[in-house]
Amino acid sequence: MLKNKPMPKIGVDSFCYAPLIKDDPDSVPEYGETVKIPGTVSVGFTANSQTIPFHADNGVYVSAAQTGDITLTVGLADIPPEIQAAWFGSKYENGMIEDGELNAQEMAVGYRVKKANGAYRYFWLYKGVASPPSENVNTTGNTLTHQSDSITISCAMLASTGKYRRRIDSDDKNLPAGVDSKMIENNWFESPVWKVGEIEEV
């Protein structure tokens, strides 16, 4: 029996990242300070999962499923130079950024999705690296068109837990006692491993 009425999604905001400092098989992952990037335009998640049927007895005997390449495509109003430098290992000094050999930073990325009832669904993807964005801008014409940036983040599972994502709905009827939408809003983006009431930490 469903406790929550399913709601369509109507918006996305609060994109952020936290540098991944440590991910060992035998310890809890460690992250640096969360950095929020204003100007979220869109977020697209793709798991590229596969379902493979096995045929026997003149039909589908059993099916097996597995997760494929996990990608997140994020549209942003702009990617500031200090963010590009942190993500890709570029040199940023005296207001100038110089790109060289790619040295991508492993990081967690978070965002939230607004639902039609005003509640939010919050996400963290634990581990990923971003690819430098393609740049394609057009001249100003008779009609003004806003031109934004888009990046692709390739995500992986944590070595310590085998998990790649967590999410929570601020209106979930199964939230632990004392946990409400305000608490989630104030704490979710502080850390990818924030412990929500009795919800088990990674």
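In this predicted model, Leu72 sits in strand S7. The relative accessible area of Leu72 is 0%, so the residue counts as buried. Its surroundings come from several parts of the chain: apart from residues up to four places away in sequence, Leu72 touches Val43, Gly44, Phe45, Val109, Tyr111, Leu125, Ile151, Thr152 and Ile153. Gly44 makes a good example, as 28 residues along the chain lie between the positions of Leu72 and Gly44, yet their C-alpha atoms are separated by 5.6 Å.

Next to Leu72 in this account comes Thr71, which also has its place in strand S7. Thr71 has a relative accessible area of 19%; because the limit for a buried residue is under 20%, Thr71 is counted as buried. With neighbours within four places in sequence left aside, the contacts of Thr71 are Gly44, Phe45, Thr46, Asn48, Thr152 and Ile153. Gly44 and Phe45 thus appear in the contact lists of both Leu72 and Thr71, and Thr152 and Ile153 do as well.

It helps to step back to the whole protein. Its secondary structure comes to two helices and 13 strands, and its C-alpha atoms fill a box of roughly 60 × 50 × 50 Å along the principal axes. Of the 202 residues, 34% are buried. Among contacts with a separation of 6 or more, 61% join residues 24 or more positions apart. The accessible surface comes to about 12,600 Å², and carbon and sulfur atoms account for 47% of this area. As for charge, there are 18 positive and 26 negative side chains, with the centres of the two sets 11 Å apart.

The interior can be followed through its nonpolar cores. In soluble globular proteins, nonpolar side chains tend to be buried together. Here the largest nonpolar core has 22 residues, and Phe15, Trp87, Val109 and Ile153 have the most contacts inside it. Strands S1 (9–22), S7 (70–76), S10 (107–115), S11 (120–131) and S12 (149–155), together with helix H1, each give two or more residues to this core. Phe15 shows how these pieces meet: not counting residues up to four places away in sequence, Phe15 touches Lys36, Ile37, Thr40, Val74, Leu76, Trp87, Val109, Gly110, Tyr111 and Ile153. A second, separate core has 19 residues, including Cys16, Tyr126, Ile184 and Val193.

Helix H1 spans residues 81–88, and its buried residues are Ile83, Gln84, Ala85, Trp87 and Phe88. Gln84 counts as buried because its relative accessibility is 16%. Beyond its neighbours within four places in sequence, Gln84 is in contact with Ile79, Gly89, Ser90 and Ile97. Gly89 follows H1 and has a positive phi, near 75°.

Positive phi values are also found in residues other than glycine. Asp57 has a phi near 50°, and Asn58 has a phi of about 65°. Asp57 lies in the loop between strand S5 (50–56) and strand S6 (59–66), and Asn58 lies in the loop between S5 and S6 as well. In contrast to the buried residues described above, Asp57 is exposed, with a relative accessible area of 69%. Asn58 is likewise exposed, at 88% relative accessibility.

The cysteines complete the picture. The structure holds zero disulfides. For Cys16, the closest cysteine sulfur is that of Cys155 at 13 Å, and this is too far for a bond because a disulfide needs sulfur atoms within 2.5 Å. Cys155, whose nearest cysteine sulfur is that of Cys16, is in no disulfide either. Cys16 is buried, with a relative accessible area of 0%, and Cys155 is buried too, with a value of 11%.

Note on methods: Residues are numbered from 1 along each chain as its sequence is written. This is a predicted model: local features need pLDDT of at least 70, side-chain atom pairs count only at pLDDT 80 or more; totals for chains, interfaces and linings use all residues. Side-chain values use heavy atoms; hydrogens and water are left out. Helices (H or I, at least four residues) and strands (E, at least two) are DSSP runs, numbered from the N terminus. Buried means under 20% relative accessible area, exposed over 50%, partly exposed in between (1.4 Å probe, protein chains only). Contact means heavy atoms within 4.5 Å. A nonpolar core is a set of buried Ala, Val, Leu, Ile, Met, Phe, Trp, Tyr and Cys residues joined through side-chain atoms within 4.5 Å. Accessible areas come from the Shrake-Rupley method with a 1.4 Å probe; for residues, only the protein chains shown count as cover. Lys and Arg count as positive and Asp and Glu as negative; His and the chain ends are not counted. The place of a charge is taken as NZ of Lys, CZ of Arg, CG of Asp or CD of Glu.
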